[in-house]
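Me: I'm new to this structure and would like a close look at one part of it. Please take me through the pairing of charged side chains, and add whatever helps me get my bearings.

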Amino acid sequence: GQVRLGLTHAGIATLDGPGVPTDIEWLVLDDEETLGRLDARSTEPVTDAERGASILCDQIAYVIYTSGSTGTPKGVQITHRGLSAIVEAEHEVLDVHPGASVLQVSSPSFDASV
């Protein structure tokens with residue numbers, strides 16, 4: 001699957017640096033227009049009908065860009081299976097359960113924030 005949308009915030013100085021894709025749409029999360037559109041959306045969970053299909057474990061959930069060992073951004077594809085494995089590990093290791101409070105200790109730029 002081809003990446004179609006990138007998420008960013010206004011604090012990013014430029015989206016035209018080396019290795020940053022220019023052939024996709026970028027959604028600036030803290031842009032006033034974006035915030036207004038989000039405020040107008042329902043808070044109900046997205047359904048499979050709205051999504052167009054069910055989510056499969058091996059589908060890509062998101063792509064995170066890392067600096068890599070070379071310093072050049074590199075996209076890493078994270079699957080829904082990988083996300084579910086993280087959630088399962090949190091249940092087992094950290095005793096995270098419904099109603100639990102968890103401190104956000106990582107920057108939103110790290111996939112642990114998901």
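Reply: Here is a walk through the charged pairs, followed by some surroundings.

Keep in mind that this is a predicted model: local features need pLDDT of at least 70, side-chain atom pairs count only at pLDDT 80 or more, and totals for chains, interfaces and linings use all residues. Residues are numbered from 1 along each chain as its sequence is written, and side-chain values use heavy atoms, leaving out hydrogens and water. The predictor's confidence in each residue, pLDDT, runs from 0 to 100; here the average is 82, and 86% of the residues score at least 70.

Now to the pairs. Side chains of opposite charge can pair when their charged atoms come close. Two salt bridges turn up in this structure, each being a side-chain nitrogen of Lys or Arg within 4 Å of a carboxyl oxygen of Asp or Glu.

One joins arginine 51 to aspartate 48, at 2.5 Å from N to O. Both sit in helix H2 (residues 48-51), and because they are three residues apart, about one helical turn separates them. Helices here are DSSP runs of H or I with at least four residues, strands are runs of E with at least two, and numbering starts from the N terminus. Arginine 51 is partly exposed at 38% relative accessibility, and aspartate 48 is also partly exposed, at 38%. (Buried means under 20% relative accessible area, exposed over 50%, and partly exposed in between, with a 1.4 Å probe and protein chains only.)

The other bridge brings arginine 81 and aspartate 58 together, at 2.8 Å from N to O. This pair ties distant parts of the chain, 23 residues apart: arginine 81 belongs to helix H3, while aspartate 58 is in the loop between H2 and E3. Arginine 81 is partly exposed at 43%, whereas aspartate 58, at 55%, is exposed.

Since H3 holds one of those partners, it's worth a look too. H3 covers residues 80-94, which makes 15 residues, and spans 20 Å from first C-alpha to last, close to the expected 21 Å (that is, 1.5 Å times one less than the number of residues). Right after H3, aspartate 95 has a positive phi of about 55°.

Finally, how much trust do these elements get? Strand E3 (residues 60-66) has the lowest mean pLDDT among the elements, 82, and H1 the highest, 92. Where pLDDT is low, the predicted coordinates should not be read in detail.
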